[in-house]
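Visitor: I would like to be shown around this structure, and to hear how each term is justified along the way.

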Protein chains: 2
Amino acid sequence: MSLSIDFSKSMVLKKMEISKDKSRKALNTLLEGTGEGNDFLGWINWPKEYDKDEFDRIKKAAKEIKDHSDVLVVIGIGGSYLGAKAVQYALSPYFTTNDVEIIYAGHQMSSSYLKELMDYLEDKDFSVNIISKSGTTTEPAIAFRFLKQMLEDRYGKEESKKRIYATTDRGKGALKGLADEMNYESFVIPDNIGGRFSVLTAVGLLPLAAAGVDIDALMEGAALGVKKYKNLDFDDNIAMQYALYRNILYKEGKTIEILANYEPKLKYFSEWWKQLFGESEGKDGEGLFPVSVNFTTDLHSMGQMIQEGKRNILETVLRIKNPKHDLIIEEDPKNLDGLNYIAGKSLDYVNKMAAKGVAQAHFDGDVPVVEITMDELDERHIGELMYFFEISVGISGYILEVNPFNQPGVEKYKSNMFRLLGKPGYEQK
Amino acid sequence: MSLSIDFSKSMVLKKMEISKDKSRKALNTLLEGTGEGNDFLGWINWPKEYDKDEFDRIKKAAKEIKDHSDVLVVIGIGGSYLGAKAVQYALSPYFTTNDVEIIYAGHQMSSSYLKELMDYLEDKDFSVNIISKSGTTTEPAIAFRFLKQMLEDRYGKEESKKRIYATTDRGKGALKGLADEMNYESFVIPDNIGGRFSVLTAVGLLPLAAAGVDIDALMEGAALGVKKYKNLDFDDNIAMQYALYRNILYKEGKTIEILANYEPKLKYFSEWWKQLFGESEGKDGEGLFPVSVNFTTDLHSMGQMIQEGKRNILETVLRIKNPKHDLIIEEDPKNLDGLNYIAGKSLDYVNKMAAKGVAQAHFDGDVPVVEITMDELDERHIGELMYFFEISVGISGYILEVNPFNQPGVEKYKSNMFRLLGKPGYEQK
């Protein structure tokens with residue numbers, strides 16, 4: 001197993017060599033905990049130092065959920081939604097459901113969505129995993145109010161308590177208070193791990209375990225990442241290289257980074273990546289704007305823009321060496337579709353030749369292309385890849401000279417909203 | 001019914017007034033057919049002049065499909081995928097399936113996806129709608145080769161012919177030849193309507209009718225658009241206004257346009273919009289890069305970047321006045337989550353206050369915000385909205401001085417891919 005990276009079409013190989021000390025310095029700041037936001041570095045050693053007893057409780061809870069529920073509704077927003085969704089979607093079948101169907105809620109405020117969800121749950125046994133540090137974040141709190149009521153109406157007050165799993169603060173906050181009072185099984189969101197870095201804590205692990213993901217392997221992959229990407233030797237650490245490459249190009253006017261894949265199972269992984277990079281770097285009037293594309297689909301929509309539009313784009317590609325399934329294209333005697341020239345080839349081979357052709361075309365069109373390859377799309381590689389991106393964004397944020405661990409701008413719309421809704425304390429703002 | 005638009009936070013109201021003649025001139029060029037790409041203007045009067053006999057055949061075919069199939073596999077890519085998916089997703093329930101389940105294929109080359117789809121179809125009755133002008137586009141041609149074989153193995157050669165619906169060129173091409181030979185029911189992709197403008201032709205209409213969408217109402221909405229948006233009076237035509245606003249801001253350094261919604265059913269509508277604008281404008285080193293966000297979800301991922309990142313963003317918001325379903329938030333005696341201040345309010349009201357708070361916050365953060373409101377999320381409004389965006393992009397492309405109706409860059413990766421795959425005729429390139 002391994003991740004590898006190909007910088008041959010990055011257009012900045014020499015510049016990377018010259019300025020590699022910048023990346024080393026940033027990683028050093030991160031590892032020594034001397035930079036801004038250093039009270040949120042708990043994720044760095046987490047894959048090795050996580051709470052093993054809680055981990056066992058998570059597996060036990062997942063088994064319980066499988067035993068008594070058709071559906072687990074996971075209520076959370078931002079980092080309490082995107083990480084679990086990313087991994088679950090990457091590792092689940094496209095057209096069938098695992099033992100337990102995972103449905104997300106409280107990640108927006110569509111009344112149609114919540115009403116239709118409640119109708120759907122009418123004839124299903126279900127449980128709820130409410131994920132919120134405070135318990136008062138508007139979106140999840142509203143969804144939880146409705147679904148908790150539904151559970152109590154359906155199963156009675158006592159039985160419903162066994163169907164609610166709370167992932168929240170260790171000691172304080174509204175949800176922690178409720179969980180203690182009601183005796184919900186509960187799990188911890190560590191104080192020193194921000195939302196977008198929380199996928200490998202109970203935040204992501206409980207929904208993933210319920211979905212049938214091998215969370216031991218996921219943690220093993222991340223632990224391998226700890227071993228590989230804390231390395232201060234630039235030439236031997238692809239996270240430092242990736243962080244530097246994107247910053248050099250950003251300074252040269254590439255203001256949009258596209259994360260591309262050729263396997264739609266990675267669609268929500270890219271959404272997770274967008275939060276990780278967008279929220280970490282988009283501040284102080286700076287930041288490479290993260291965008292995701294799913295190829296070859298989006299070559300037939302955004303492909304023209306990438307090939308010949310404004311030259312402000314750099315492209316990072318996620319590749320999978322060995323596909324989960326493959327199919328051989330057969331000879332057709334009539335060959336009306338003209339495909340016989342690839343008869344005998346596998347579909348994955350054709351997909352890979354498309355990827356190769358695209359990389360060359362975009363490079364020729366002045367779009368730098370860097371490819372990250374994982375051997376398999378499995379728990380170990382996803383775990384390592386997530387850790388790789390997490391440490392990369394920490395390095396990258398420090399190179400950019402922003403605090404990669406806060407998100408002050410997210411509060412602004414909330415104060416406006418609270419004022420409009422008449423929330424006590426927000427009247428005068 | 002109506003669409004309305006609010007430019008009060010556009011930051012360019014005065015500039016729009018000064019340069020409105022630019023927009024009028026562009027629309028005039030479009031309507032007179034004197035600009036570049038004028039052999040692809042068939043969509044302009046299509047909602048009034050479409051083939052009514054074919055339209056009836058589409059409805060008949062949809063009924064047939066409902067009678068004999070659990071699943072309709074729609075094979076197409078680009079405009080032969082995104083339009084149908086956009087409308088179907090916008091108008092379908094979240095958690096249940098209509099009479100016929102619509103599954104898309106041939107819109108990428110994931111071998112895992114196609115293999116898992118074929119496994120899923122093992123115990124289902126299904127039909128195929130293959131949509132391809134030429135019949136030789138790689139992605140759909142491969143998927144069709146596999147699924148046609150599967151139909152023939154399952155139902156026999158004769159019966160399978162009745163389960164294949166071909167949407168293709170009127171007279172030429174590989175798929176047209178096959179359809180004639182096999183006597184497939186077939187429908188026309190008009191010569192003068194490009195892929196990204198084709199949703200209201202048989203390309204979109206057959207899958208949509210099968211999905212239970214009221215295609216009469218969809219066409220009526222678009223026909224209302226024809227009436228409203230061909231109007232050369234700038235003050236009375238919001239399509240001209242929208243086209244101009246985005247171009248003024250683009251010239252001022254806003255290089256990214258975000259299309260935001262507060263109802264996730266619009267998620268794939270935004271994907272359709274991205275193709276429409278990205279492929280029409282991304283050429284000659286120009287073009288506003290189109291991005292979609294789903295709020296409030298993405299306020300907790302891309303929100304920080306939009307609020308405080310690089311100031312190169314403009315935001316267009318799709319709003320729905322009356323939600324399909326709504327829920328009232330009830331009082332909770334304990335109020336641990338602190339939500340009682342909104343007890344008695346509806347969830348949609350809270351969602352709308354969020355939208356209002358966000359617009360103000362982004363505007364305060366130097367992001368121009370323009371809001372487009374539709375009264376209902378239904379066929380009529382979607383039809384009008386699609387036509388609105390189609391005519392807007394025509395005007396916008398001419399203001400930008402690019403040909404909005406071609407896509408030369410899409411060919412580049414294809415030639416590379418064909419060379420790598422050893423396709424005859426591509427060896428030397």
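**A guided look at two chains**

Guide: Strand 4 (residues 126–131) and strand 5 (residues 164–168) of chain A pair in the parallel sense over 4 bridges. This is a predicted model, in which local features need pLDDT of at least 70 and side-chain atom pairs count only at pLDDT 80 or more, while totals for chains, interfaces and linings use all residues. Residues are numbered from 1 along each chain as its sequence is written, chains are lettered from A and ligands numbered from 1 in the order in which they are written, and side-chain values use heavy atoms, with hydrogens and water left out.

Visitor: What makes strand 4 and strand 5 of chain A a pair?

Guide: Two strands pair if DSSP finds at least two bridges between them, and strands (E, at least two residues) and helices (H or I, at least four) are DSSP runs numbered from the N terminus. Strand 4 and strand 5 of chain A have 4 bridges, so they pair. One partnership to look for is that of A:Ile131 with A:Thr167 in strand 5 of chain A.

Visitor: Which strands are the edge strands of the open sheet with the order 3-2-4-5-6 in chain A?

Guide: That sheet has 5 strands with parallel pairing, and its edge strands are strand 3 (101–105) and strand 6 (185–188) of chain A, because each pairs on one side only.

Visitor: How do you know that helix 8 of chain A packs on the sheet?

Guide: Contact means heavy atoms within 4.5 Å, and helix 8 (residues 174–182) of chain A touches strand 4, strand 5 and strand 6 of chain A. Its direction makes about 140 degrees with that of strand 5 of chain A, where axes are lines fitted to C-alpha atoms, for helices over the stretch in contact, and angles run from 0 to 180 degrees between N-to-C directions.

Visitor: Why is strand 8 of chain B called mostly covered?

Guide: Buried means under 20% relative accessible area, exposed over 50% and partly exposed in between, with a 1.4 Å probe and protein chains only. In strand 8 (residues 289–294) of chain B, 6 of its 6 residues are buried, so the strand is called mostly covered. On one side these are B:Phe289, B:Val291 and B:Val293, and on the other B:Pro290, B:Ser292 and B:Asn294.

Visitor: What relates chain B to chain A?

Guide: A rotation of 180 degrees with 0.0 Å of shift along its axis superposes chain B on chain A, with an RMSD of 0.0 Å; the fit is by least squares on the C-alpha atoms of residues with pLDDT of at least 70 in both copies. The two copies are therefore related as by a two-fold rotation axis. Of the residues of chain B, B:Val291 comes closest to that axis, at 3.7 Å (C-alpha).

Visitor: How do you know that the copies meet through the same surface?

Guide: Of the interface residues of chain B, 99% are also interface residues in chain A, so the surface is the same. In all, 122 residues of chain B are in contact with 121 residues of chain A.

Visitor: What area is buried between chain B and chain A?

Guide: About 10,300 Å² is buried, of which carbon and sulfur atoms give 65%; buried area is the accessible area (1.4 Å probe) that two parts lose on being put together, summed over both. In chain B, B:Phe95, B:Arg145 and B:His300 lose the most area to chain A, together 9% of what that side buries.
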